[in-house]
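Reader: I'm happier with a pipette than with a protein model. Could you show me how to read one, feature by feature?

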Amino acid sequence: MPVAVKKQLLELLDKNHLNYCDLVSFFQNPDISVQEKERKASNFLKKEIQTVKAEAIEFPSHIDQIRVWLEEGNKTQCLEYQTYLERRKQGGDREYFKCISHAFEFLVKVAPVKKVDGAWLYSLVHYWNDPIFRDLIQIYIEELGLGSKKANHVCVFDDLILNLGLEHFVLDLEDEYYHQPAIQLALAYAPPEFIPEIIGFNLGYEQLPLHLLITNYELRELGIDPHYFNLHITIDNMDNGHADLSIKAFEKIYSKFKDKNTFIEKLKLGFALNDKGLSSKQIIKNLNLEALVLKILKRKALVGNVIHSDKCALNNKSINEWLGTPELVEEFVEVLIDKKWINLGQDPEQSRFWKLISHEEGKMYGVFNSTEKQIIYDWIAGTFFKDSNLPPQRIKLPHKNKDDFMFSFLSNGELEDIQQQISESGNLAVKMNKLLPYLAPHAHHRETGLWCTQRFVDFLFPFLSDKNLSRY
Ligand SMILES: [Fe+2]
Ligand SMILES: [Fe+2]
C-alpha cells in the first residue's frame with residue numbers, strides 16, 4: 001500500500017482522538033477495554049514511528065557494540081556530573097533551578113510523564129510464564145515498588161506534587177507535555193509485534209542521564225525532597241540496576257529472535273521513541289515563571305471576587321474588576337508593573353502588590369496559598385537576591401510524613417473481592433491472570449493495585465519479596 005494512503009487510513013482510524021492529553025486519558029480509562037486500547041496503541045505507535053528518521057538514529061551498527069556503547073555513555077554522564085560538581089565547588093551557581101519556584105515549575109511540567117513511570121513495560125507482564133521476559137518484568141515491578149506505596153514510583157511522585165501543593169498546576173498543562181506519556185502508555189498496550197520496540201525504548205529509558213543527577217542535587221539544595229530522583233540514581237545503575245537488566249534482557253531476547261535484522265531495526269525505532277515530546281533538558285531550558293504567575297492569577301479570576309474591600313482602583317478598575325475577567329489578567333499585570341505596584345527585580349517587600357497578598361493586614365491576604373505566594377515572590381525578585389547576596393524568603397510548605405497515619409475509611413469492596421478470588425483459586429495461572437489487570441498503569445498505584453503487585457511478586461519473584469518485609 002502506498003505510504004500516503006496508509007497514513008490517511010491510520011488517521012481515519014484514529015480521528016476521534018485529536019491530542020496527546022486525550023490519548024493519555026483514553027489509555028488511563030479503566031472502562032475502556034484492553035482490546036480497544038491495543039488497537040489504538042498499535043495505530044498511534046505506527047504513526048509515531050513513521051515520523052522517526054531511521055538513518056538519523058544514533059545507535060551502534062553492530063550488536064556486539066551495544067553493551068560497550070551504553071557503558072561508555074554512562075561513564076560520560078558520570079564524568080560530566082563530576083565536572084558539574086567541580087563548578088559548583090568553585091562557587092558556580094545552580095545550573096537548573098535559579099530559585100525554588102523554578103524547581104516547582106519543572107516538577108509540574110514533568111508530572112504527566114512521571115505519573116506513568118514504568119508504563120512502557122506493562123504489556124510484558126502478560127508473558128510472566130516465559131522466563132525470557134523475567135528481567136524486564138522485574139524492572140516493571142520494581143518501578144511499581146514491589147507493591148509498597150512508599151516505593152512505587154508513581155506514588156512517590158504523586159506524594160511529592162501533593163506535598164508541594166502543585167497538583168492544580170498539573171491540570172493546566174499544554175498538550176505537548178503529554179506527548180511522551182502517550183507514547184509510554186501506547187507501549188503499555190502494544191500488541192506482541194512491538195516487543196522489539198519496547199525493548200529498544202527500555203534500553204534508552206533505563207540509562208542514567210546527567211539531568212537526573214543534577215536535578216537530584218539541586219532539589220536537595222533547595223530543600224525539596226529529592227527522593228523520587230534519588231531512587232532512580234540507585235536503581236537505574238549500570239552495575240546491577242535497571243540499566244544492566246535492560247541490556248541482559250535485550251541480549252537474551254535477541255538470541256531467540258529468528259529474523260535478527262528486523263529485530264534490530266525495530267529495536268532502534270523503539271530506542272528513538274525516547275526522544276519524542278519534550279525532554280527534561282528542554283523543559284528546564286524553557287522555564288518561565290511569568291507564565292506560571294499569569295496562570296495563577298487567571299485561576300483566581302475564574303473564582304470571581306477575590307477581595308471584599310474594593311476601594312483601591314487601578315486605571316479606573318477595581319482589583320475585583322481586573323481579576324474578575326481572565327482575559328484581562330495579562331493587562332492587569334502590565335498595569336501593576338507600570339504603576340509600580342510590582343517592582344520586578346527588587347526585594348518583593350518593596351512591592352505594594354506583594355504586601356497586599358502576603359501581609360496579614362493586606363486586603364488580599366489569604367487569597368493565595370503558600371505555593372502560589374512562593375511563585376509570585378520568586379517572579380518579583382528575579383535575580384535580586386543573587387545579585388545582592390541577601391537570603392530570599394522561603395514560604396513554609398505543608399509538612400510531609402503524614403503517610404504513616406493515612407487510612408481509608410471508605411471501601412468499594414474491590415480489594416476484598418480480589419483477595420477472596422485469589423484465595424479461592426488454587427491454580428497459579430488463574431491467580432496471575434486475575435492479578436494482571438490491577439498491575440496496569442492506571443491501577444497499580446492504588447490500594448488494590450498495590451496489593452495485587454505484592455502477590456504477583458510473591459508468586460513470581462519470591463527472592464525480591466524478602467526485600468520488602470515491612471509490608472507484612
Ligand atoms: Fe521509575
Ligand atoms: Fe527504572
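Author: We'll go from the overall build to the metal site, a helix, a pocket and a few single residues.

Author: Ground rules come before that. This is a predicted model, in which local features need pLDDT of at least 70 and side-chain atom pairs count only at pLDDT 80 or more, while totals for chains, interfaces and linings use all residues. Residues are numbered from 1 along each chain as its sequence is written, chains are lettered from A and ligands numbered from 1 in the order in which they are written, and side-chain values use heavy atoms, with hydrogens and water left out.

Reader: Fine. How many helices and strands does the chain have?

Author: Helices (H or I, at least four residues) and strands (E, at least two) are DSSP runs, numbered from the N terminus. Here the chain has 25 helices and 2 strands. Buried means under 20% relative accessible area, exposed means over 50%, and partly exposed is in between, using a 1.4 Å probe and protein chains only. By that yardstick, 53% of the 472 residues count as buried. A contact means heavy atoms within 4.5 Å. Taking contacts between residues at least 6 apart in sequence, 72% join residues at least 24 apart.

Reader: Now the metal. Which residues are the protein donors of the iron ion (ligand 1)?

Author: Donors are N, O and S atoms within 2.8 Å of the metal (3.2 Å for Na, K and Ca), and water is not among the atoms, so sites may look incomplete. For the iron ion (ligand 1), the protein donors are D117 (OD), E143 (OE), H153 (ND1) and H232 (NE2), at 2.0 to 2.2 Å. Along the chain they follow the spacing D-x25-E-x9-H-x78-H.

Reader: And how do I read the geometry of that site?

Author: Look at the angles. Ideal ones are 109.5 degrees for four tetrahedral donors, and 90 or 180 degrees for six octahedral ones. Four donors count as tetrahedral if all angles lie between 85 and 135 degrees; four count as square planar and six as octahedral if opposite donors are over 155 degrees apart and all others between 65 and 115; anything else is irregular. The 4 donor atoms of the iron ion (ligand 1) make angles of 84 to 160°, and the site is irregular.

Reader: What does E143 bridge?

Author: E143 bridges the iron ion (ligand 1) and the iron ion (ligand 2), which lie 4.3 Å apart. D117 and E143 link distant parts of the chain: D117 sits in the loop between α5 (100–114) and α6 (134–143), and E143 in helix α6, 26 residues apart. Both residues are buried.

Reader: How do I spot the inward side of a helix, say α18?

Author: Find its buried residues and look down the axis. In α18 (residues 329–338) they are V329, F332, V333, V335 and L336. They fall within an arc of 160° (taken from the directions from the helix axis to the C-beta atoms), so they line one face of the helix. The face turned away from that buried side carries the exposed residues E334 and D338. Among the elements covering the buried residues are α16 (289–303), α17 (319–323) and α20 (370–381).

Reader: Why would anyone flag a positive phi?

Author: Most residues other than glycine have a negative phi. L146 is not a glycine, yet its phi is about 55°. L146 lies in the loop between α6 and α7 (153–163) and is buried, with a relative accessible area of 8%. N316, also not a glycine, has a positive phi of about 65°. N316 is in the loop between β1 and β2 (317–318) and is exposed, at 78% relative accessibility.

Reader: Last one: is E197 buried or exposed?

Author: E197, in helix α10, is buried, with a relative accessible area of 3%. Leaving out residues up to four places away in sequence, E197 touches I49, K266 and G270. For another case, try L415 in helix α22 (residues 414–424), which is buried at 13% relative accessible area. L415 and W451 are 36 residues apart in sequence and 8.0 Å apart in space, C-alpha to C-alpha.

Reader: And the pocket you promised?

Author: The second largest pocket has a volume of about 1400 Å³. A pocket is found on a 1 Å grid over the protein atoms alone, as an open set of points where a 1.4 Å probe fits, with protein on both sides within 12 Å along at least five of seven lines; lining residues have an atom within 4 Å of a point. Grid points are joined across faces, edges and corners, and the volume is the space filled by probe spheres set on the points. Of the 48 lining residues here, the closest to the centre are G204, P209, H211, N274 and D275. Helix α4 gives the largest share of the lining, 6 residues.
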